[in-house]
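Biologist: Please take a close look at one part of this model for me, the sheet and what packs on it. Walk me through it in order.

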Amino acid sequence: MHTLDVALGARSYPIYIGQGLLGQDLLRRHVRASQALIVTNETIAPLYLDKAKASLGDLAQVDTLVLPDGEQYKTLATLEKIFDALLANRHSRTTTLIALGGGVVGDMVGFAAASYQRGVDFLQVPTTLLAQVDSSVGGKTAVNHPRGKNMIGAFHQPRAVLIDTTVLDTLPPRELSAGLAEVIKYGLIRDADFYRWLEVNMAGLMQREPALLAEAILRSCRNKAEVVAEDETEQGNRALLNLGHTFGHAIETATGYRDWLHGEAVGAGTMMAAQLSADLGWISQADVARIGALTRAAGLPVAPPPGMTAEQFRSLMALDKKVMDGRLRLVLLKAIGEAVVTDQFDMQVLTRLLEKMCQ
Ligand code: NAD
Ligand code: MG
(Lines give C-alpha, C1' and ligand atoms only; values in the text may rest on other atoms or scores of the structure.)
(Ligands and ions follow the chains in the order given, each with its own letter.)
Protein backbone atom coordinates (compact mmCIF):
# COMPACT_ATOMS: atom_id res chain seq x y z
CA MET A 1 0.00 0.00 0.00
CA HIS A 2 1.10 3.56 -0.76
CA THR A 3 0.08 6.51 1.38
CA LEU A 4 0.18 10.12 0.20
CA ASP A 5 -0.67 13.21 2.18
CA VAL A 6 -2.63 16.17 0.94
CA ALA A 7 -0.96 18.94 2.94
CA LEU A 8 -3.60 21.46 3.92
CA GLY A 9 -2.75 22.24 7.52
CA ALA A 10 -5.63 21.29 9.82
CA ARG A 11 -7.53 19.93 6.82
CA SER A 12 -4.72 17.57 5.72
CA TYR A 13 -5.68 14.01 4.86
CA PRO A 14 -4.22 10.73 3.62
CA ILE A 15 -4.78 9.05 0.25
CA TYR A 16 -4.34 5.26 0.49
CA ILE A 17 -3.63 3.40 -2.75
CA GLY A 18 -3.40 -0.36 -3.12
CA GLN A 19 -4.98 -3.65 -4.10
CA GLY A 20 -7.82 -4.97 -1.96
CA LEU A 21 -7.89 -2.02 0.45
CA LEU A 22 -11.67 -2.10 0.70
CA GLY A 23 -11.40 -5.44 2.51
CA GLN A 24 -9.25 -3.92 5.28
CA ASP A 25 -10.18 -1.74 8.26
CA LEU A 26 -8.88 1.54 6.81
CA LEU A 27 -12.29 3.16 6.47
CA ARG A 28 -13.17 2.30 10.05
CA ARG A 29 -10.09 4.17 11.31
CA HIS A 30 -11.35 7.41 9.81
CA VAL A 31 -14.91 7.26 11.14
CA ARG A 32 -14.92 9.67 14.06
CA ALA A 33 -17.97 8.55 16.07
CA SER A 34 -20.53 5.72 15.96
CA GLN A 35 -22.56 6.60 12.84
CA ALA A 36 -21.87 6.37 9.13
CA LEU A 37 -23.91 6.58 5.93
CA ILE A 38 -22.53 4.87 2.84
CA VAL A 39 -23.90 6.39 -0.36
CA THR A 40 -23.46 4.60 -3.67
CA ASN A 41 -25.43 3.93 -6.86
CA GLU A 42 -27.36 0.99 -8.28
CA THR A 43 -24.48 -0.12 -10.54
CA ILE A 44 -21.85 -0.15 -7.81
CA ALA A 45 -24.00 -1.41 -4.92
CA PRO A 46 -24.20 -5.05 -6.08
CA LEU A 47 -20.43 -5.06 -6.71
CA TYR A 48 -18.92 -3.37 -3.67
CA LEU A 49 -21.46 -2.23 -1.07
CA ASP A 50 -21.31 -5.36 1.08
CA LYS A 51 -17.54 -5.16 1.19
CA ALA A 52 -17.58 -1.49 2.18
CA LYS A 53 -20.14 -2.19 4.88
CA ALA A 54 -18.23 -5.17 6.26
CA SER A 55 -15.06 -3.09 6.51
CA LEU A 56 -16.77 -0.85 9.08
CA GLY A 57 -16.92 -3.83 11.42
CA ASP A 58 -18.16 -2.99 14.88
CA LEU A 59 -19.54 0.49 14.16
CA ALA A 60 -22.87 0.97 16.01
CA GLN A 61 -24.85 2.43 13.11
CA VAL A 62 -24.09 1.96 9.42
CA ASP A 63 -26.82 3.07 7.01
CA THR A 64 -26.72 2.76 3.26
CA LEU A 65 -28.33 4.70 0.44
CA VAL A 66 -28.39 3.54 -3.17
CA LEU A 67 -28.99 6.28 -5.73
CA PRO A 68 -29.86 5.95 -9.41
CA ASP A 69 -26.80 5.90 -11.72
CA GLY A 70 -26.00 8.84 -13.97
CA GLU A 71 -24.84 12.44 -14.29
CA GLN A 72 -28.51 13.43 -14.83
CA TYR A 73 -29.10 12.58 -11.16
CA LYS A 74 -26.34 14.88 -9.89
CA THR A 75 -28.99 17.35 -8.78
CA LEU A 76 -30.44 19.15 -5.79
CA ALA A 77 -33.34 16.67 -5.88
CA THR A 78 -30.97 13.74 -5.32
CA LEU A 79 -29.15 15.67 -2.62
CA GLU A 80 -32.46 15.90 -0.82
CA LYS A 81 -32.60 12.08 -0.71
CA ILE A 82 -29.25 12.05 1.06
CA PHE A 83 -30.48 14.58 3.63
CA ASP A 84 -33.69 12.56 4.06
CA ALA A 85 -31.69 9.41 4.79
CA LEU A 86 -29.52 11.27 7.30
CA LEU A 87 -32.42 12.86 9.13
CA ALA A 88 -34.69 9.81 9.06
CA ASN A 89 -31.90 7.80 10.68
CA ARG A 90 -31.04 10.58 13.15
CA HIS A 91 -27.49 11.20 12.06
CA SER A 92 -25.80 13.78 14.28
CA ARG A 93 -23.07 16.31 13.57
CA THR A 94 -20.43 13.68 14.31
CA THR A 95 -21.61 11.33 11.55
CA THR A 96 -19.40 10.31 8.61
CA LEU A 97 -20.61 10.15 5.02
CA ILE A 98 -18.87 7.67 2.76
CA ALA A 99 -18.95 8.16 -1.01
CA LEU A 100 -18.60 4.81 -2.77
CA GLY A 101 -18.58 5.44 -6.50
CA GLY A 102 -17.35 7.56 -9.36
CA GLY A 103 -17.15 11.32 -9.57
CA VAL A 104 -20.91 11.75 -9.66
CA VAL A 105 -21.43 10.06 -6.29
CA GLY A 106 -18.28 11.67 -4.86
CA ASP A 107 -19.25 15.22 -5.85
CA MET A 108 -22.78 14.83 -4.51
CA VAL A 109 -21.87 13.17 -1.23
CA GLY A 110 -19.10 15.72 -0.70
CA PHE A 111 -21.58 18.55 -1.07
CA ALA A 112 -24.08 16.80 1.19
CA ALA A 113 -21.31 16.52 3.81
CA ALA A 114 -20.37 20.18 3.33
CA SER A 115 -23.89 21.31 4.13
CA TYR A 116 -25.50 18.71 6.42
CA GLN A 117 -25.71 20.39 9.83
CA ARG A 118 -23.23 22.97 8.46
CA GLY A 119 -20.60 20.38 7.68
CA VAL A 120 -19.78 16.79 8.66
CA ASP A 121 -16.93 14.38 7.89
CA PHE A 122 -16.79 12.45 4.66
CA LEU A 123 -14.59 9.76 3.15
CA GLN A 124 -14.00 9.17 -0.54
CA VAL A 125 -13.91 5.62 -1.92
CA PRO A 126 -13.54 6.35 -5.63
CA THR A 127 -14.38 3.48 -7.99
CA THR A 128 -13.66 4.93 -11.44
CA LEU A 129 -10.15 5.73 -12.65
CA LEU A 130 -11.26 9.34 -13.17
CA ALA A 131 -12.46 9.61 -9.58
CA GLN A 132 -9.30 7.90 -8.27
CA VAL A 133 -6.90 10.27 -10.03
CA ASP A 134 -8.96 13.44 -10.04
CA SER A 135 -12.36 14.08 -8.50
CA SER A 136 -11.86 12.37 -5.11
CA VAL A 137 -8.83 14.52 -4.29
CA GLY A 138 -8.98 18.26 -3.74
CA GLY A 139 -12.28 19.02 -2.06
CA LYS A 140 -14.34 20.39 -4.92
CA THR A 141 -17.92 19.23 -4.41
CA ALA A 142 -21.04 20.14 -6.37
CA VAL A 143 -24.31 19.29 -8.03
CA ASN A 144 -25.55 20.48 -11.41
CA HIS A 145 -28.22 23.09 -12.10
CA PRO A 146 -30.35 22.94 -15.28
CA ARG A 147 -28.48 26.07 -16.42
CA GLY A 148 -24.98 24.78 -15.76
CA LYS A 149 -22.77 21.91 -14.62
CA ASN A 150 -21.34 22.02 -11.07
CA MET A 151 -22.97 25.40 -10.45
CA ILE A 152 -24.06 24.67 -6.85
CA GLY A 153 -21.23 23.49 -4.63
CA ALA A 154 -18.60 24.05 -1.99
CA PHE A 155 -14.99 23.36 -1.15
CA HIS A 156 -15.05 20.61 1.48
CA GLN A 157 -12.07 18.31 1.92
CA PRO A 158 -12.56 14.61 2.72
CA ARG A 159 -10.98 13.08 5.86
CA ALA A 160 -9.38 10.34 3.79
CA VAL A 161 -9.38 8.90 0.26
CA LEU A 162 -9.28 5.13 -0.08
CA ILE A 163 -8.28 3.91 -3.54
CA ASP A 164 -8.69 0.16 -4.01
CA THR A 165 -7.26 -0.54 -7.46
CA THR A 166 -9.01 -3.92 -7.74
CA VAL A 167 -12.38 -2.20 -8.26
CA LEU A 168 -11.14 -1.09 -11.68
CA ASP A 169 -11.53 -4.70 -12.89
CA THR A 170 -15.23 -4.10 -13.47
CA LEU A 171 -14.91 -0.65 -15.05
CA PRO A 172 -16.14 -0.41 -18.66
CA PRO A 173 -13.30 0.22 -21.19
CA ARG A 174 -14.50 3.67 -22.23
CA GLU A 175 -14.51 4.76 -18.59
CA LEU A 176 -10.93 3.52 -18.21
CA SER A 177 -9.85 5.58 -21.22
CA ALA A 178 -11.71 8.63 -19.91
CA GLY A 179 -9.71 8.40 -16.69
CA LEU A 180 -6.48 8.08 -18.64
CA ALA A 181 -7.18 11.47 -20.26
CA GLU A 182 -6.75 13.10 -16.83
CA VAL A 183 -3.69 10.92 -16.09
CA ILE A 184 -2.02 12.14 -19.31
CA LYS A 185 -2.94 15.69 -18.30
CA TYR A 186 -0.73 15.56 -15.18
CA GLY A 187 2.24 14.52 -17.28
CA LEU A 188 1.63 17.28 -19.78
CA ILE A 189 1.13 20.15 -17.33
CA ARG A 190 3.89 19.49 -14.78
CA ASP A 191 5.61 16.11 -14.89
CA ALA A 192 7.69 15.30 -17.98
CA ASP A 193 9.16 12.17 -16.31
CA PHE A 194 5.69 10.80 -15.70
CA TYR A 195 4.76 11.64 -19.29
CA ARG A 196 7.68 9.54 -20.58
CA TRP A 197 6.70 6.73 -18.19
CA LEU A 198 3.19 6.82 -19.65
CA GLU A 199 4.57 6.55 -23.20
CA VAL A 200 6.42 3.39 -22.18
CA ASN A 201 3.55 1.88 -20.18
CA MET A 202 0.31 2.89 -21.89
CA ALA A 203 -0.22 -0.53 -23.49
CA GLY A 204 0.11 -2.21 -20.08
CA LEU A 205 -2.25 0.31 -18.50
CA MET A 206 -4.83 -0.45 -21.19
CA GLN A 207 -4.38 -4.15 -20.26
CA ARG A 208 -5.09 -3.10 -16.65
CA GLU A 209 -1.85 -4.49 -15.24
CA PRO A 210 -2.37 -3.90 -11.50
CA ALA A 211 1.13 -2.68 -10.66
CA LEU A 212 1.10 -0.20 -13.53
CA LEU A 213 -2.35 1.11 -12.63
CA ALA A 214 -1.26 1.60 -9.02
CA GLU A 215 1.84 3.51 -10.16
CA ALA A 216 -0.15 5.72 -12.55
CA ILE A 217 -2.72 6.49 -9.83
CA LEU A 218 -0.01 7.24 -7.26
CA ARG A 219 1.85 9.62 -9.56
CA SER A 220 -1.39 11.30 -10.66
CA CYS A 221 -2.58 11.79 -7.08
CA ARG A 222 0.84 13.11 -6.07
CA ASN A 223 0.60 15.75 -8.79
CA LYS A 224 -2.97 16.64 -7.90
CA ALA A 225 -2.17 16.79 -4.17
CA GLU A 226 0.76 19.16 -4.82
CA VAL A 227 -1.32 21.47 -6.98
CA VAL A 228 -4.17 21.51 -4.46
CA ALA A 229 -1.81 22.09 -1.51
CA GLU A 230 -0.43 25.17 -3.30
CA ASP A 231 -3.79 26.58 -4.36
CA GLU A 232 -6.74 24.98 -2.59
CA THR A 233 -9.46 27.30 -3.93
CA GLU A 234 -8.15 27.94 -7.47
CA GLN A 235 -6.84 31.47 -7.17
CA GLY A 236 -3.89 30.61 -9.39
CA ASN A 237 -2.08 27.47 -10.53
CA ARG A 238 -4.90 25.02 -9.77
CA ALA A 239 -6.36 26.30 -13.07
CA LEU A 240 -3.57 24.38 -14.89
CA LEU A 241 -5.66 21.27 -14.18
CA ASN A 242 -8.06 22.60 -16.81
CA LEU A 243 -5.75 21.74 -19.72
CA GLY A 244 -7.97 20.68 -22.63
CA HIS A 245 -11.09 21.44 -20.60
CA THR A 246 -12.18 24.70 -22.28
CA PHE A 247 -12.21 23.03 -25.71
CA GLY A 248 -13.58 19.87 -24.07
CA HIS A 249 -16.36 21.76 -22.35
CA ALA A 250 -17.42 23.20 -25.72
CA ILE A 251 -17.51 19.67 -27.15
CA GLU A 252 -19.58 18.37 -24.22
CA THR A 253 -22.05 21.24 -24.53
CA ALA A 254 -22.34 20.93 -28.33
CA THR A 255 -23.04 17.21 -28.02
CA GLY A 256 -25.51 17.70 -25.17
CA TYR A 257 -23.37 15.70 -22.66
CA ARG A 258 -24.66 12.51 -24.29
CA ASP A 259 -22.29 11.11 -26.90
CA TRP A 260 -18.89 11.73 -25.37
CA LEU A 261 -17.62 11.09 -21.87
CA HIS A 262 -15.90 14.00 -20.13
CA GLY A 263 -12.48 12.36 -20.48
CA GLU A 264 -13.03 11.77 -24.17
CA ALA A 265 -13.84 15.46 -24.65
CA VAL A 266 -10.74 16.34 -22.61
CA GLY A 267 -8.62 14.04 -24.83
CA ALA A 268 -9.73 15.83 -28.00
CA GLY A 269 -9.60 19.20 -26.21
CA THR A 270 -6.03 18.55 -25.11
CA MET A 271 -5.05 17.85 -28.72
CA MET A 272 -6.57 21.20 -29.69
CA ALA A 273 -4.67 22.99 -26.92
CA ALA A 274 -1.47 21.22 -28.00
CA GLN A 275 -1.94 22.16 -31.65
CA LEU A 276 -2.66 25.77 -30.69
CA SER A 277 0.53 25.80 -28.60
CA ALA A 278 2.44 24.55 -31.66
CA ASP A 279 0.78 27.06 -33.98
CA LEU A 280 1.92 29.80 -31.57
CA GLY A 281 5.46 28.42 -31.83
CA TRP A 282 5.64 27.33 -28.17
CA ILE A 283 6.03 23.57 -28.73
CA SER A 284 7.11 21.63 -31.83
CA GLN A 285 4.95 19.71 -34.27
CA ALA A 286 6.90 16.61 -33.14
CA ASP A 287 5.61 17.25 -29.59
CA VAL A 288 2.06 17.38 -30.95
CA ALA A 289 2.64 14.07 -32.73
CA ARG A 290 3.87 12.51 -29.47
CA ILE A 291 0.77 13.74 -27.62
CA GLY A 292 -1.43 12.43 -30.43
CA ALA A 293 0.19 8.99 -30.28
CA LEU A 294 -0.24 8.71 -26.49
CA THR A 295 -3.84 9.97 -26.64
CA ARG A 296 -4.69 7.39 -29.32
CA ALA A 297 -2.94 4.64 -27.37
CA ALA A 298 -5.20 5.50 -24.43
CA GLY A 299 -8.23 4.86 -26.64
CA LEU A 300 -9.21 8.52 -26.78
CA PRO A 301 -10.36 10.73 -29.67
CA VAL A 302 -7.78 13.20 -31.03
CA ALA A 303 -10.14 15.54 -32.93
CA PRO A 304 -13.50 17.16 -32.27
CA PRO A 305 -16.65 15.22 -33.17
CA PRO A 306 -17.46 15.18 -36.88
CA GLY A 307 -19.98 17.86 -37.70
CA MET A 308 -18.97 20.23 -34.93
CA THR A 309 -18.20 23.63 -36.47
CA ALA A 310 -15.65 26.34 -35.73
CA GLU A 311 -18.55 28.70 -35.12
CA GLN A 312 -19.91 26.40 -32.42
CA PHE A 313 -16.54 26.40 -30.68
CA ARG A 314 -16.31 30.19 -30.89
CA SER A 315 -19.69 30.80 -29.35
CA LEU A 316 -19.42 28.07 -26.71
CA MET A 317 -15.91 29.07 -25.64
CA ALA A 318 -16.90 32.72 -25.34
CA LEU A 319 -19.50 31.64 -22.80
CA ASP A 320 -17.02 29.58 -20.84
CA LYS A 321 -16.30 30.85 -17.35
CA LYS A 322 -12.61 31.23 -18.18
CA VAL A 323 -13.43 34.40 -20.10
CA MET A 324 -12.43 37.29 -17.84
CA ASP A 325 -12.57 40.93 -18.85
CA GLY A 326 -13.40 39.95 -22.38
CA ARG A 327 -10.20 37.94 -22.90
CA LEU A 328 -10.22 34.19 -23.34
CA ARG A 329 -7.84 32.49 -20.92
CA LEU A 330 -6.59 29.06 -21.93
CA VAL A 331 -4.20 26.49 -20.52
CA LEU A 332 -1.48 26.05 -23.14
CA LEU A 333 1.80 24.15 -23.30
CA LYS A 334 5.30 25.62 -23.18
CA ALA A 335 6.75 22.10 -23.33
CA ILE A 336 5.69 18.55 -22.59
CA GLY A 337 5.63 18.82 -18.79
CA GLU A 338 5.05 22.58 -18.55
CA ALA A 339 1.78 24.47 -18.94
CA VAL A 340 0.69 28.08 -18.46
CA VAL A 341 -2.66 29.76 -17.97
CA THR A 342 -2.65 32.70 -20.34
CA ASP A 343 -4.67 35.17 -22.36
CA GLN A 344 -1.52 36.30 -24.17
CA PHE A 345 -2.04 34.69 -27.55
CA ASP A 346 -3.15 35.86 -30.97
CA MET A 347 -6.89 35.19 -31.40
CA GLN A 348 -6.31 34.91 -35.17
CA VAL A 349 -4.19 31.80 -34.55
CA LEU A 350 -7.01 30.28 -32.51
CA THR A 351 -9.56 31.13 -35.20
CA ARG A 352 -7.41 29.48 -37.89
CA LEU A 353 -6.93 26.40 -35.68
CA LEU A 354 -10.69 26.00 -35.23
CA GLU A 355 -11.22 26.26 -39.02
CA LYS A 356 -8.45 23.68 -39.55
CA MET A 357 -9.63 21.16 -36.95
CA CYS A 358 -13.35 21.35 -37.79
CA GLN A 359 -13.86 19.90 -41.23
P1 NAD B 1 -19.48 8.41 -12.97
O2 NAD B 1 -19.44 8.68 -11.54
O3 NAD B 1 -20.75 8.70 -13.70
O4 NAD B 1 -19.06 6.89 -13.25
C5 NAD B 1 -19.05 6.43 -14.57
C6 NAD B 1 -19.85 5.13 -14.70
O7 NAD B 1 -19.08 4.04 -14.19
C8 NAD B 1 -21.16 5.12 -13.94
O9 NAD B 1 -22.12 4.45 -14.68
C10 NAD B 1 -20.80 4.34 -12.68
O11 NAD B 1 -21.92 3.74 -12.08
C12 NAD B 1 -19.86 3.31 -13.24
N13 NAD B 1 -18.89 2.74 -12.31
C14 NAD B 1 -18.22 3.39 -11.35
N15 NAD B 1 -17.32 2.59 -10.78
C16 NAD B 1 -17.43 1.38 -11.37
C17 NAD B 1 -16.78 0.15 -11.20
N18 NAD B 1 -15.75 0.01 -10.36
N19 NAD B 1 -17.17 -0.89 -11.97
C20 NAD B 1 -18.17 -0.73 -12.87
N21 NAD B 1 -18.81 0.42 -13.10
C22 NAD B 1 -18.45 1.47 -12.34
O23 NAD B 1 -18.35 9.24 -13.76
P24 NAD B 1 -16.86 9.69 -13.37
O25 NAD B 1 -16.17 9.82 -14.65
O26 NAD B 1 -16.29 8.87 -12.31
O27 NAD B 1 -17.09 11.14 -12.75
C28 NAD B 1 -17.61 12.21 -13.50
C29 NAD B 1 -18.09 13.27 -12.56
O30 NAD B 1 -16.98 13.74 -11.79
C31 NAD B 1 -18.68 14.49 -13.23
O32 NAD B 1 -19.90 14.83 -12.61
C33 NAD B 1 -17.64 15.58 -13.01
O34 NAD B 1 -18.22 16.87 -12.91
C35 NAD B 1 -17.03 15.15 -11.72
N36 NAD B 1 -15.65 15.61 -11.51
C37 NAD B 1 -15.37 16.26 -10.37
C38 NAD B 1 -14.09 16.69 -10.11
C39 NAD B 1 -13.77 17.35 -8.81
O40 NAD B 1 -12.67 17.88 -8.63
N41 NAD B 1 -14.68 17.32 -7.86
C42 NAD B 1 -13.06 16.47 -11.04
C43 NAD B 1 -13.38 15.79 -12.20
C44 NAD B 1 -14.68 15.37 -12.44
MG1 MG C 1 -11.73 16.88 -15.86
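Modeller: Strand S1 (residues 2–6) and strand S2 (residues 13–18) run antiparallel, joined by five bridges. This is a predicted model. Threonine 3 has tyrosine 16 in S2 as its bridge partner. The two strands make a hairpin, with six residues between them. In that turn, glycine 9 has a positive phi of about 60°.

The hairpin strands belong to an open sheet of seven strands, in the order S1-S2-S9-S6-S5-S3-S4. The pairing is mixed. S1 and S4 are the edge strands and have a single partner strand each, so one side of each is left without a neighbour in the sheet. From one strand to the next, the twist averages 15°.

Now take a parallel pair from that sheet. S3 pairs with strand S5 (residues 96–101) in the parallel sense, over four bridges. Here leucine 37 has leucine 97 in S5 as its bridge partner. In general, strands of a sheet pair through backbone hydrogen bonds, either parallel or antiparallel.

Next, the helices. H4 lies across S3, S4, S5 and strand S6 (121–126). Its direction is at about 170° to S5. H3 lies across S3 and S4, and runs at about 160° to S4.

H3 deserves a closer look. Helix H3 covers residues 76–88, which is 13 residues. From its first C-alpha to its last it reaches 18 Å, close to the 18 Å expected at 1.5 Å a residue. Thr78, Leu79, Ile82 and Leu86 are buried in H3. These buried residues are on the same side of H3, because they cover an arc of only 110° around the axis. An α-helix has 3.6 residues a turn, so residues three or four places apart point the same way. What do the buried residues of H3 pack against? Their partners are strand S3 (35–41), strand S4 (61–67), helix H4 (103–115) and strand S7 (140–145). On the other side of H3, the exposed residues are Leu76, Ala77, Glu80, Asp84, Leu87 and Ala88. Just after H3, arginine 90 takes a positive phi of about 55°.

One record note. In an unreviewed entry, UniProt places the feature "domain: 3-dehydroquinate synthase N-terminal" at residues 65–177. Over residues 65–177 the chain is 34% helix and 30% strand. The end C-alpha atoms of that stretch are 28 Å apart.

Definitions and conventions: Residues numbered from 1 in each chain as written. Chains lettered and ligands numbered in written order. Predicted model: local features only at pLDDT ≥ 70, side-chain atom pairs only at ≥ 80, totals over all residues. Expected span 1.5 Å × (residues − 1). Buried ≥ 20, exposed ≤ 12 C-beta atoms within 10 Å, placed from the backbone. Arc of directions from axis to C-beta. Contact = placed C-beta atoms within 7 Å. Pairing = 2+ DSSP bridges. UniProt positions renumbered as here; feature names shortened; annotations may be inferred. Axes fitted to C-alpha atoms, helices over the stretch in contact; angles between N-to-C directions.
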